[in-house]
Amino acid sequence: MKKDISIVDVAEEAGVSIATVSNVINQKGRVSEKTRKKIQQIIDRLGYTPNLTARNLKTRRSDLIGMVIPVMKPGRMQDNPFYWDLLAGVEEGARDRRFHIILMGIDEATETFSFVKERQLDGLIVVGTNQGSQVIERVNKLNIPVVFVDSYLTDEQFYQVCLEDRHGSYCATKYLIELGHRKIAILTGEVPEEQLPYYGVLHERWLGYKDALAEAGIAYDSRMVIQLPTSLDGGYHSVDRILQLDDVTAIFSFSDVGAMGVLKRMKELGKKVPEEYSVIGFDNLFISNYTSPTLTTVAQDIVQKGKAAVTMLLDQIDGNYIPQRKVSLSVDVIARETTGPCKS
């Protein structure tokens, strides 16, 4: 039977103390770069794997964090690639600090966060919850470090990572107005207009749209607000509603996936983009540069958002100084092929 390799075996092979090997494994303490490389090579050659269970008993940490995504329907996270870009940033930042991630999709009906205690998670990243949501109350009761992403919570004690959503939406709408468009339909997601104030990201983007209209002297028309799911399917089915409105020449989707659904339906109906209708999205998913025509969008660095959130969370766990509890990341409009001058 093959002998299990222990930290003692690594230390003896390297001619150093067990403490030195431990420092290399945990990336702590003062170890010369030459010694660090030598120990790492021996670890790789011997196939040594640290005993995480023993280490966690000693440190009282699991080195596990959770990423929680509230969804309209459990198990439907695949509807929006945004979450996978965000997860990529979280995973990269967590890996650099030797943490692992558990991903969970929940809805408002989720009564408990039992998985947090069952897996002894050290902290949580909660994505896209809203002011007044029961999720916030349930998370607070866990008494563990938490970072909220895209949530726009009013309590200044919460750690949050947000985006300049209002400014981004304003810039997108202003860009369309400068192209001569005045009848601009918006895809806000499956939320009634009167409930938008309770949905932080959507509310901010709706306000940005209204800001640009007001600045240009264009009257706000609630008929231009199309309420369908933030998904390819939602964008696809929005087109039939939009074509029933008078004189619409531009469509602003609050998500790239919605805009992509719009493009598919427009092509099926023989409608030309951007000659007849300009279309703009929000997010700059990497696939938005591969649509045909390529999608004009409001760009955010989704991967960086994930990194910022996990860094803030792990700094809480490690007791590091955090200069500010709320971080807001910048946006920019990227003009591609789905937008052009209004010709009507």
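**Close-up views of the predicted model**

**View A. Residue D150 lies in the loop that connects β4 and β5.** The model shown in this and the following views is predicted. Although D150 is not a glycine, its phi is positive, at about 55°.

**View B. Six strands form an open sheet with parallel pairing.** The strand order is β2-β1-β3-β4-β5-β11. The edge positions are taken by β2 (100–106) and β11 (326–329); each has a single partner strand, so one side of each is left without a neighbour in the sheet. On average, and with direction ignored, neighbouring strands of this sheet are turned by 20° against each other.

**View C. Strands β3 and β4 pair within the parallel sense, and helix α12 lies across both.** Residues 123–127 make up β3 and residues 146–149 make up β4; four bridges link the two strands. At one of these positions, L124 has V146 of β4 as its bridge partner. Helix α12 (residues 302–318) also lies across β1 (64–70), β5 (160–163) and β11. The helix runs at about 160° to β4.

**View D. A further open sheet of six strands has mixed pairing.** Its strands follow the order β7-β6-β8-β9-β10-β12. Because β7 (225–226) and β12 (332–334) stand at the edges with a single partner strand each, one side of each is left without a neighbour in the sheet. Within this arrangement, β6 (residues 184–187) and β8 (residues 250–253) run parallel and are joined by four bridges. The bridge partner of I184 in β8 is A250. Helix α11 packs on the sheet, where it touches β6, β8, β9 and β10. The direction of α11 makes about 155° with that of β9. Helix α8 (residues 165–178) lies across β6, β8, β9, β10 and β12, and runs at about 165° to β9.

**View E. Helices α1 and α2 cross at roughly 105°.** Helix α1 spans residues 7–14 and helix α2 spans residues 18–26; their axes come within 9 Å. Angles of 65 to 115 degrees count as roughly perpendicular, and α1 and α2 are therefore roughly perpendicular to each other. From α1, the residues I7, V8, V10 and A11 meet I18, V21, S22 and I25 of α2. Classified by residue type, this contact has seven nonpolar residues, one polar residue and no charged residues.

**View F. The largest cavity holds about 90 Å³ of space.** One cavity of 30 Å³ or more is present in the structure. Of the 16 residues that line the largest cavity, L187, G189, L228, P229 and T230 are the closest to its centre. Helix α10 (residues 232–242) gives the most to the lining, with three residues. By class, the lining has six nonpolar and 10 polar residues, and no charged residues.

**View G. The peptide bond from V273 to P274 is cis.** Its omega is near 10°. P274 is placed in the loop between α11 (256–268) and β9 (278–283).

**View H. S292 and P293 are joined by a cis peptide bond.** Omega is about 0° for this bond. The loop that holds P293 runs between β9 and β10 (296–299).

Terms used
Residues are numbered from 1 along each chain as its sequence is written. This is a predicted model: local features need pLDDT of at least 70, side-chain atom pairs count only at pLDDT 80 or more; totals for chains, interfaces and linings use all residues. Side-chain values use heavy atoms; hydrogens and water are left out. Axes are lines fitted to C-alpha atoms, for helices over the stretch in contact, and angles run from 0 to 180 degrees between N-to-C directions. Angles under 35 degrees count as roughly parallel, over 145 as roughly antiparallel, 65 to 115 as roughly perpendicular and the rest as oblique. Contact means heavy atoms within 4.5 Å. Ala, Val, Leu, Ile, Met, Phe, Trp, Tyr, Cys and Pro count as nonpolar, Asp, Glu, Lys and Arg as charged, and the others, Gly among them, as polar. Two strands pair if DSSP finds at least two bridges between them. On a 1 Å grid over the protein atoms alone, a cavity is a set of points where a 1.4 Å probe fits but cannot get out, and a pocket is an open set with protein on both sides within 12 Å along at least five of seven lines; lining residues have an atom within 4 Å of a point. Grid points are joined across faces, edges and corners, and a volume is the space filled by probe spheres set on the points.
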